[in-house]
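User: I am new to this structure and would like to know how its descriptions are reached. Please take me through the reasoning.

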Amino acid sequence: MPQSKTVRKTRTSDATVGEYESPKLLIPVTIERDHVEGLSNAPLTLVEYGDYQCPYCGAAYPEVKKVQKELGSKLRFVFRNFPITSSHEFAEHAAEIAEAASAQGKFWKMHDFLYEHQDLLGDDNSIFACAGELGLDVQRLAEEGMNSTYLNRIKEDFNGGIRSGVNGTPTFYVNGTRYNGSPLAKDLLEAL
Amino acid sequence: MLRSTRKKHAKSRRETKSSGILRAGSKAPNFALNTTPDQKVSLHDFHGRPVVLVFYPADWSPVCTDQLSLYNEIMSEFKKFDAEIMAISVDGIWSHLAFSKDRKLTFPLLSDFEPKGRVSQDYGVYKHGIGECGRALFVVDSRGIISWSYLSPDGVNPGADGILSALENLNNKTKS
């Protein structure tokens, strides 16, 4: 959604909403902590709070890829964890596996693999078998994934998201402002 | 920096309040609404504790479902403030029961069904002609006074940040 559309007037027949300002990203992007794909000093930033088991996130995944391809070096894409565990029983564990892969320098490979194979969530044997093909140390991945080594980090992402107004998954922030439009590439590109 | 940004954000949200919705400082109208076919919940039941009231247009609609699932996910955050959360729509109790079971909701859904929308009207969030309430949030303090209210645009899930900031402010006031 273009910046100009983030402030708008909306009316109901009785209850009236005044000027609406979309929430801001309260946890700034940092190269040291965040998972960043693209140039760290790129002029445009797209942040996603996502859940690996969420079908809408799965549908948004190729759209983000299209956006990245279109904008190239102008865009940095940031992914933060927001597993809705009461609806998606495997989401938090999937996030743990992705974070464990990050410890081996392969976050994005695992992130992409999980979104491309959402049907495998809950089947660790299959995921770990594929992790070996991605060049990961499977034993370490399994240990860290099973021992909740990175659970605190995931909860930090989640709590930061709540404070920034994440309202479901996926939630995107375009240059620091919550994006309320559709997660289609053409709409995201327009907003960026 | 985080704190100042949050304050600024909180201010911008306060400024979006409508003329119809009850505002901070108003006494929260009491109600007694069914949460099961034979059980009513009254606002007075929670006197002495903060209460979060979530008015939403309809069971089963996509935005409402996301919104309530989110609150369900962060019940522990509300508990930190000893706050009770309850959601209200004009749907009948049987729809509420099925919806709650399907989404595994752990807080009560109240049925503003008969007289239709009466409580929503009392809070200034009923939409005549459409026959639903708006997507509105209220934080009521332990004395039954509204300490924060917010009406979200149709189709926009308001999230939980405003609620948690309001509960924090309440907590800070109580301590000072």
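**Helices and sheet**

Analyst: The crossing of α2(A) and α5(A) is right-handed. This is a predicted model, and the mean pLDDT of chain A is 88, with 90% of its residues at 70 or more. Over residues 1-16 of chain A, however, the pLDDT is below 50, and this stretch has 43 contacts in the model beyond near neighbours in sequence.

User: Why are α2(A) and α5(A) called oblique to each other?

Analyst: Helix α5 of chain A covers residues 138-146, and its axis crosses that of α2(A) at roughly 135 degrees, coming within 8 Å. Roughly perpendicular covers 65 to 115 degrees and roughly antiparallel needs over 145. The value of roughly 135 fits neither range, so the pair is oblique.

User: What makes up the contact of α2(A) with α5(A)?

Analyst: From α2(A) come A:H93, A:E96, A:I97, A:A100 and A:A101, which meet A:L141, A:E144, A:G145 and A:M146 in α5(A). By class they divide into five nonpolar, two polar and two charged residues. Gly counts as polar, so A:G145 falls in that class.

User: Why are α2(A) and α6(A) described as roughly perpendicular?

Analyst: Helix α2 (residues 91-102) and helix α6 (residues 151-163) of chain A pack at an angle of about 115 degrees, their axes 9 Å apart. The range for roughly perpendicular is 65 to 115 degrees, and therefore the pair is given that name. Their crossing is right-handed.

User: Which residues meet there, and how many of them are charged?

Analyst: A:E92, A:A95, A:E96 and A:E99 in α2(A) meet A:L151, A:R153, A:I154 and A:K155 in α6(A). Glu, Lys and Arg count as charged. The contact has five charged residues, three nonpolar and no polar.

User: What makes β3 and β7 of chain A edge strands?

Analyst: The open sheet has five strands in the order β3-β5-β4-β6-β7 (chain A), with mixed pairing. Strands β3 (35-37) and β7 (177-179) each pair on one side only. From one strand to the next the twist averages 30 degrees.

User: How do you know that β6(A) and β7(A) pair?

Analyst: Pairing takes at least two bridges. Three bridges join β6 (residues 171-174) to β7(A), and the two strands run antiparallel, so the requirement is met. In one of these bridges, A:F172 has A:Y179 as its partner.

User: What does helix α3 of chain A touch in the sheet?

Analyst: Helix α3 (residues 107-116) touches β3, β4 (44-50) and β5 (75-81) of chain A, and its direction makes about 70 degrees with that of β5(A).

Conventions: Residues numbered from 1 in each chain as written. Chains lettered and ligands numbered in written order. Predicted model: local features only at pLDDT ≥ 70, side-chain atom pairs only at ≥ 80, totals over all residues. Heavy atoms only, no water. Helix = DSSP H or I, 4+ residues; strand = E, 2+ residues; numbered from the N terminus. Axes fitted to C-alpha atoms, helices over the stretch in contact; angles between N-to-C directions. Contact = heavy atoms within 4.5 Å. pLDDT = per-residue confidence, 0-100. Parallel < 35°, antiparallel > 145°, perpendicular 65-115°, else oblique. Left-handed = near helix turned anticlockwise from the far one by under 90°.
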